[in-house]
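User: Hello! I am new to reading structures like this one. Could you walk me through some features, step by step?

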Amino acid sequence: MRLYSFSLFAVLAFATFANADCLRYEPASVTLTGAVTVKPFPGNSHEPILKLAEPVCVDGTPKASYDSKSERNVTELQMVFASYPFGAQWHNKRVTVTGKLFHASTQSHRTKVLIMVKTAREAGS
């Protein structure tokens with residue numbers, strides 16, 4: 001009976017974590033709204049960070065080399081852009097961003113989850 005109870009607990013715990021309300025890593029596209037700040041990091045690096053008002057969770061992709069790890073309570077995402085410069089007009093503003101999520105994999109990744117930005121616009125516009 002103990003083994004059965006433990007197995008049931010393990011299944012329920014996984015089912016709760018693999019929640020339909022959680023976001024997914026790429027190739028899924030997501031839209032998030034938050035405040036953009038430019039945060040200084042060691043090594044004279046300044047990175048744009050999207051700060052969310054409410055935490056989100058991200059489900060890992062089984063067997064993925066980089067995006068296999070699920071994350072909970074994500075409130076900050078480093079913003080990554082295909083082309084620079086990133087417009088200074090977004091700094092210290094609420095912005096709605098659409099893009100693809102990926103998990104940190106190098107030292108230059110400053111948050112556990114990052115977003116490759118496809119579009120950004122001022123929130124409410």
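User: Let's begin with the strands. How many bridges join β3 to β4, and do they run parallel or antiparallel?

Analyst: Happy to help, and please keep in mind that this is a predicted model. To read a pair of strands, look at the bridges between them and at the sense in which they run. Here β3 and β4 run antiparallel, with 5 bridges joining them. For an example, find Lys51: its bridge partner is Glu76 in β4.

User: In which sense do β4 and strand β6 pair?

Analyst: β4 and β6, the latter covering residues 113-122, pair in the parallel sense over 4 bridges. You can locate this pairing at Val80, which stands opposite Met116 in β6.

User: And how many bridges join strand β5 to β6?

Analyst: Strand β5 (residues 94-103) and β6 are joined by 9 bridges, and these two run antiparallel. A good place to look is Val97, which has Ala120 of β6 opposite.

User: Now for a single residue. Where is Glu71, and is Glu71 buried or exposed?

Analyst: For one residue, check its element, then its accessibility, then its contacts. Glu71 belongs to strand β4, which spans residues 71-81. Buried means under 20% relative accessible area. Glu71 has 6% relative accessibility, so Glu71 counts as buried.

User: Which side chain does the side chain of Glu71 make a polar contact with?

Analyst: That partner is His103, with the polar contact between the two side chains at 2.7 Å.

User: How many disulfides does the structure hold, and which residues are joined?

Analyst: For a disulfide, begin with the two cysteines and their sulfur atoms. There is 1 disulfide in the structure. Cys22 and Cys57 are joined by a disulfide, with 1.9 Å from S to S. The angle about the S-S bond is -100°, and this link is left-handed.

User: What does the pair tie together?

Analyst: Cys22 sits in the loop between α1 (2-17) and β1 (23-24), while Cys57 is in strand β3 (residues 45-59), so the pair ties together parts that are 35 residues apart in sequence. As for accessibility, Cys22 counts as buried because its relative accessibility is 9%.

Methods:
Residues numbered from 1 in each chain as written. Predicted model: local features only at pLDDT ≥ 70, side-chain atom pairs only at ≥ 80, totals over all residues. Heavy atoms only, no water. Buried < 20%, exposed > 50% of the residue type's maximum accessible area, 1.4 Å probe, protein only. Polar contact = N/O pair within 3.5 Å; in protein donor to acceptor, adjacent residues only side chain to side chain. Disulfide = S-S within 2.5 Å. Pairing = 2+ DSSP bridges.
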